[in-house]
Structures are given as structure tokens and as C-alpha cells.
Amino acid sequence: MSSGPGHGWFDAVATSYQHCRPRYPDQLFRWLADQAPHHHCCWDVACGSGQASLGLAQWFDRVEATDLSPAQIAAAPAHPRIHYRVAAAEQSGLMDASLDAVVVAAAIHWLKVPHFNLEVQRVLRPGGLLAWVGYDPLQGAPPALQTWLDQLYHQRLNRWWPPERAHVDQRYSDLPFPGSSEPIPSQLRIELQWSMDQLLGFISTWSALRRADQAPALMTALRNELEALWPERETDLHFHLPLMGRWGLLP
């Protein structure tokens with residue numbers, strides 16, 4: 001995903017975003033493909049550096065991947081089935097009724113949702129799939145480290161999270177969906193085997209860290225705290241990110 005206008009903190013970390021953000025599981029894209037009526041063309045909205053675009057390209061003949069950030073588009077890996085383009089989600093430039101599926105991965109909270117919904121209804125074929133996908137906070141760490149992660153996310157960084165983050169915490173249930181919707185299946189999740197450096201890299205891409213006062217000093221402090229909490233003789237630890245969101249087939 002990428003930020004909307006005025007949220008330049010993602011532009012500044014486009015390369016690290018590509019390397020540090022987790023990949024969505026193949027099971028998610030297989031499930032999305034199973035819900036779509038056809039597999040000719042899918043739109044990956046606010047695609048960022050292509051985390052979801054690559055997975056969608058396994059199942060759809062063509063993926064239209066758009067983002068407002070030229071830096072994010074430049075960091076996305078090339079693929080013969082993916083057409084990357086700088087464009088707004090609310091004014092995509094796509095043809096009427098040209099899509100079988102529209103997927104927004106970890107980005108719907110940045111969009112002007114009522115305007116975006118009108119655009120989806122214009123470009124999606126009748127009966128097409130609309131899916132908003134995101135993930136809950138990181139889980140599965142050893143108890144002391146999990147407590148540290150929970151406090152970091154919910155308390156210590158709270159004053160720096162942008163207001164749009166509240167939609168993520170509500171699992172997008174407070175945003176208007178343009179039709180009947182169901183929750184993303186609860187069994188879907190991102191499995192991770194991460195070193196301490198990989199965990200810190202992920203944390204460094206959080207929007208709260210991009211806005212925090214003296215962020216470099218804060219990251220140094222977080223590293224020192226993690227070094228004290230990380231289990232001895234363990235290079236990597238297992239974590240997971242539960243997937244969440246909403247989906248539906250639009251009339």
C-alpha cells in the first residue's frame with residue numbers, strides 16, 4: 001500500500017518498504033481467485049511496491065497495479081502480467097466494466113472511500129469481486145517480547161499513529177462498503193520467520209515511526225530493548241500476522 005496526498009512518509013522509505021514489509025501468503029491469493037467470477041484482469045489498488053501484485057499475477061491474466069507514489073512504483077519488481085502505473089485510486093483511468101476483481105491490500109484506510117467506491121462500481125464488471133485486505137498486529141512472539149510489541153503498538157507509539165490507523169484497528173468495519181460484505185476468513189494469516197533485524201526493519205516502516213519525534217534515536221532505543229528481550233541462542237523467531245478485512249461480489 002501507499003499513502004495518500006500529504007502522507008509522504010511512505011515515499012521516503014520505498015526501498016525499505018519493498019524489502020521489509022511481509023509477503024502475503026499464496027493461500028490468500030488462491031482464495032481471492034476462487035471468489036472472483038473470472039480471471040482476466042484484476043486491479044491492485046494503492047499497490048505500493050507490489051507486495052500483493054506479484055501474488056495476484058499468479059492467478060489473473062493481467063494485473064493493473066496503481067499507486068500515487070512514483071517512488072513506490074519504481075521500487076516494484078517487474079512482471080510480464082503486471083502493468084504498474086502512477087494513478088489515484090479515486091481516478092484510476094481504467095475502462096468502464098473492465099475488471100473481474102479489485103483488491104486493496106493494507107491501504108483502504110488511506111483512501112477517500114466514498115469516491116473510491118464510485119470508481120470501483122464504474123470499473124468492475126457486474127458480479128465482480130471487491131476485497132479489502134489488511135492484517136492485525138504482530139502475534140506469536142515469546143511472552144515477554146509479545147508484551148513489548150503490544151505495548152509499543154498500542155501505547156508507546158499511540159500519539160504518532162495517523163488518525164486513519166483507527167480504521168485498521170476496527171478491521172475496516174467502520175468504512176462504507178459498496179454492497180453486501182463478509183469478513184476475510186479468519187484462518188488466513190502471514191507466517192514469518194524473522195531475525196531481530198528483520199523485525200526492526202518491519203517496525204521502521206510503520207507510519208507512526210515515520211512521524212515520531214527523533215525517530216532515529218527511538219529506533220536505536222528499540223534495538224537496545226530488543227537485544228535484552230531476544231531469547232539467547234535464537235537467531236530467528238516465529239511470528240504471524242492474522243489477516244483481516246472485508247469482501248463481497250458487487251451487483
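What follows is a conversation between a student and a tutor about reading a predicted model.

Student: Let's start with the overall fold. How many helices and strands does the chain have?

Tutor: Keep in mind that this is a predicted model. The secondary structure adds up to 10 helices and 8 strands. The radius of gyration is 18 Å, close to the 18 Å that the globule rule gives for 251 residues, so the chain is as compact as a globular protein of that length. Along the principal axes, the C-alpha trace spans about 55 × 35 × 35 Å.

Student: What share of the residues is buried?

Tutor: Buried means under 20% relative accessible area. By that cut-off, 56% of the 251 residues count as buried. As for the surface, the chain exposes about 11,200 Å², and carbon and sulfur atoms supply 51% of that.

Student: And the charges: how far apart are the mean positions of the positive and negative ones?

Tutor: They are 2 Å apart, taken over 19 positive and 25 negative charges.

Student: What do the contacts say about sequence separation?

Tutor: Take the contacts with a separation of 6 or more: 75% of them come from residues 24 or more positions apart.

Student: Now the interior. Which residues touch the most other members of the largest nonpolar core?

Tutor: That core has 61 residues, and the ones to look at are Tyr24, Ile203 and Phe239. Tyrosine 24 makes a good worked case. Leaving aside neighbours within four places in sequence, its contacts include Phe29, Gln51, Ala105, Val133, Ile190 and Leu243. There is also a second, separate core of 26 residues, with Val104, Ala107, Leu111 and Val120 among them.

Student: How should I read a helix against the interior? Which residues of helix H2 are buried?

Tutor: The general idea is that an α-helix has 3.6 residues a turn, so residues three or four places apart point the same way. In H2, residues 26–35, the buried ones are Leu28, Phe29, Trp31, Leu32 and Ala33. Those buried residues pack against helix H3 (53–56), strand S4 (99–105), strand S5 (124–135) and S8.

Student: Helix H10 has leucine 222 and leucine 229. Is leucine 222 buried or exposed?

Tutor: Leucine 222, found in helix H10, is buried, with a relative accessible area of 0%. Beyond its sequence neighbours within four places, leucine 222 contacts Trp148, Leu152, Arg156, Leu200 and Ile203. Leucine 229 also has its place in helix H10, but here the relative accessible area is 29%, which makes leucine 229 partly exposed. With neighbours up to four places away set aside, leucine 229 is in contact with Ala144, Leu145 and Trp148.

Student: What about a leucine outside a helix? Where does leucine 157 lie?

Tutor: Leucine 157 lies in the loop between helix H6 (143–156) and H7. A loop residue can still be covered: leucine 157 counts as buried, at 1% relative accessibility. Residues up to four places away aside, leucine 157 touches Leu152, Trp206, Ala208, Leu209 and Leu218. The C-alpha atoms of leucine 157 and arginine 211 are separated by 9.8 Å, with their positions 54 residues apart along the chain.

Student: And a strand residue, say cysteine 41: which residues does it contact?

Tutor: Cysteine 41 is found in strand S1, residues 41–45, and counts as buried at 10% relative accessibility. Not counting neighbours within four places, cysteine 41 contacts Phe60, Arg62, Glu64, Ser98, Leu99, Asp100 and Ala101. Its C-alpha atom and that of threonine 205 are 30 Å apart, and the two residues are 164 positions apart along the chain.

Student: Last topic: backbone angles. What is phi of tyrosine 172?

Tutor: The background is that most residues other than glycine have a negative phi. Tyrosine 172 has a positive phi, near 65 degrees. Tyrosine 172 sits in the loop between helix H7 (165–169) and strand S6 (182–183). Arginine 233 likewise has a positive phi near 65 degrees, and its loop runs between helix H10 (215–229) and strand S8 (236–249).

Student: Are those two residues buried or exposed?

Tutor: Tyrosine 172 counts as buried, at 1% relative accessibility. Exposed means over 50%, so arginine 233, at 78%, counts as exposed.

Key. Residues are numbered from 1 along each chain as its sequence is written. This is a predicted model: local features need pLDDT of at least 70, side-chain atom pairs count only at pLDDT 80 or more; totals for chains, interfaces and linings use all residues. Side-chain values use heavy atoms; hydrogens and water are left out. Helices (H or I, at least four residues) and strands (E, at least two) are DSSP runs, numbered from the N terminus. The radius of gyration is taken over C-alpha atoms; the globule rule is 2.2 Å times the number of residues to the power 0.38. Buried means under 20% relative accessible area, exposed over 50%, partly exposed in between (1.4 Å probe, protein chains only). Contact means heavy atoms within 4.5 Å. Accessible areas come from the Shrake-Rupley method with a 1.4 Å probe; for residues, only the protein chains shown count as cover. Lys and Arg count as positive and Asp and Glu as negative; His and the chain ends are not counted. The place of a charge is taken as NZ of Lys, CZ of Arg, CG of Asp or CD of Glu. A nonpolar core is a set of buried Ala, Val, Leu, Ile, Met, Phe, Trp, Tyr and Cys residues joined through side-chain atoms within 4.5 Å.
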